[in-house]
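Reader: Got a minute to go through this model with me? I'd like to start in the interior and work outwards.

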Amino acid sequence: VGVYLAAQEGLSQAIVFDELSNKQNNYYLRHALYDEVNDNVTIINEYADTVAKSSPYDLKSIHPNMATFVWENMRYSANTLETPTQILTETRRFYMASADIISKMETRFYGAKFGANKLKELTKAVSESTLPMLKDNYQTLAVQLKAADITVE
């Protein structure tokens, strides 16, 4: 009976460790995604402001360079699909929509000011919905990890 109870306790501890390790990985993944999307919102807003104010002739010369390192590398992480679907969907839509709007502006399908306004609308929606949801999500994980004496920053 003693051996059985020891084995059972060992299995239980292994499961708890695996769960906490998984939460920690998810925390870092989501925090990094938040930082990347937040930076990209700033980049897009600055680009939209520049375009709206000066209406440059060659928009391709000031094409915004958005960071996609985290987003692209999430495809290789087992933790990606543990991220709530709504966060993944809204983030994917942000990347696709911003690239589409910028492309349409550069090909003159959209006028500069119209495109800039569309970009501002997009970043406003991401800033008011996706980013707070993502921040709330990774902060909840931080609280759960702190309760288990694991500090994350």
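Reader: Phe94 and Tyr95: buried or exposed?

Author: Both are buried. Keep in mind that this is a predicted model.

Reader: Which other residues of α3 are buried?

Author: The buried set includes Ile87, Leu88, Ile101, Ile102 and Met105. Polar or charged names turn up as well, among them Thr89, Glu90, Thr91, Ser98 and Glu106.

Reader: How many residues does α3 have, and how far does it reach?

Author: α3 has 22 residues. From first C-alpha to last it reaches 32 Å, close to the 32 Å expected at 1.5 Å a residue.

Reader: And α4? What is its reach?

Author: α4 reaches 50 Å over 36 residues. The expected value is 52 Å, so the two are close by the 1.5 Å a residue rule.

Reader: Where does α4 bend?

Author: At Ser127, by about 40°.

Reader: Back to rings. How many aromatic pairs are there in the whole structure?

Author: A search finds seven. Tyr27 and Tyr28 make one of them, with ring centres 5.2 Å apart. Their planes stand at 75°, so this pair is edge-to-face.

Reader: Why edge-to-face for Tyr27 and Tyr28?

Author: Because their planes are at 75°, and over 60 degrees counts as edge-to-face.

Reader: What about Phe94 with Tyr95?

Author: That aromatic pair is tilted. The centres are 5.6 Å apart and the planes 55°.

Reader: Tyr27 and Tyr28 again. Which is buried and which is partly exposed?

Author: Tyr27 is buried, because its relative accessible area is 5%. Tyr28 counts as partly exposed, at 37%.

Reader: Which residues form the aromatic cluster with Tyr27?

Author: Tyr28, Tyr34 and Tyr138 join Tyr27 in one cluster.

Reader: Now the largest nonpolar core. Which members touch the most others?

Author: Tyr27, Val37, Tyr47, Val51, Phe94, Met105 and Leu119. The core holds 35 residues. α1, α3 and α4 are the elements that give it two or more residues.

Reader: Is there a general reason to expect such a core, and what is it?

Author: In soluble globular proteins, nonpolar side chains tend to be buried together.

Reader: Take Val51. What does it touch farther along the chain?

Author: Leaving out residues up to four places away, Val51 touches Pro56, Leu59 and Ile62. Met105, Ala112 and Ala116 complete its contacts.

Reader: Where is Met66?

Author: Met66 is in the loop between α1 and α2.

Reader: What does Met66 contact?

Author: Beyond its neighbours within four places, Met66 is in contact with Asn40, Ile43 and Ile44. Phe94, Tyr95 and Ser98 are contacts too. Phe94 and Tyr95 are the buried, tilted pair from earlier.

Reader: How far apart are Met66 and Ile43?

Author: Their C-alpha atoms are 6.8 Å apart in space. In sequence the two are 23 residues apart.

Reader: Same loop, Asp58. How exposed is it?

Author: Asp58 lies in the loop between α1 and α2. It counts as partly exposed, at 41% relative accessibility.

Reader: And the distance from Asp58 to Thr107?

Author: 9.9 Å between C-alpha atoms, with their positions 49 residues apart along the chain.

Reader: Switching to Asn26. Why does it count as buried?

Author: Because its relative accessible area is 4%, and the cut-off for buried is under 20%. Asn26 is in helix α1.

Reader: What does Asn26 touch?

Author: Asn79, Glu82 and Leu141, not counting residues up to four places away.

Reader: Any odd backbone angles? Which residue has a positive phi just after α3?

Author: Arg108, at about 65°. It is not a glycine. Arg108 is found in the loop between α3 and α4.

Reader: What does the side chain of Arg108 sit over?

Author: Its charged end sits over the ring of Tyr57, 5.4 Å from the centre. Arg108 is partly exposed, with a relative accessible area of 44%.

Reader: And which residue after α4 has a positive phi?

Author: Asp149, near 65°. This residue is also other than glycine. Asp149 is exposed, with a relative accessible area of 74%.

Conventions: Residues are numbered from 1 along each chain as its sequence is written. This is a predicted model: local features need pLDDT of at least 70, side-chain atom pairs count only at pLDDT 80 or more; totals for chains, interfaces and linings use all residues. Side-chain values use heavy atoms; hydrogens and water are left out. Helices (H or I, at least four residues) and strands (E, at least two) are DSSP runs, numbered from the N terminus. Buried means under 20% relative accessible area, exposed over 50%, partly exposed in between (1.4 Å probe, protein chains only). The bend at a residue is the angle between axes fitted to the seven residues ending there and the seven starting there. Rings of Phe, Tyr and Trp (its six-membered ring) pair if their centres lie within 6.5 Å; planes under 30 degrees apart count as stacked, over 60 as edge-to-face and the rest as tilted. A charge sits over a ring if NZ of Lys or CZ of Arg is within 6 Å of the ring centre and within 35 degrees of the ring normal. A nonpolar core is a set of buried Ala, Val, Leu, Ile, Met, Phe, Trp, Tyr and Cys residues joined through side-chain atoms within 4.5 Å. Contact means heavy atoms within 4.5 Å.
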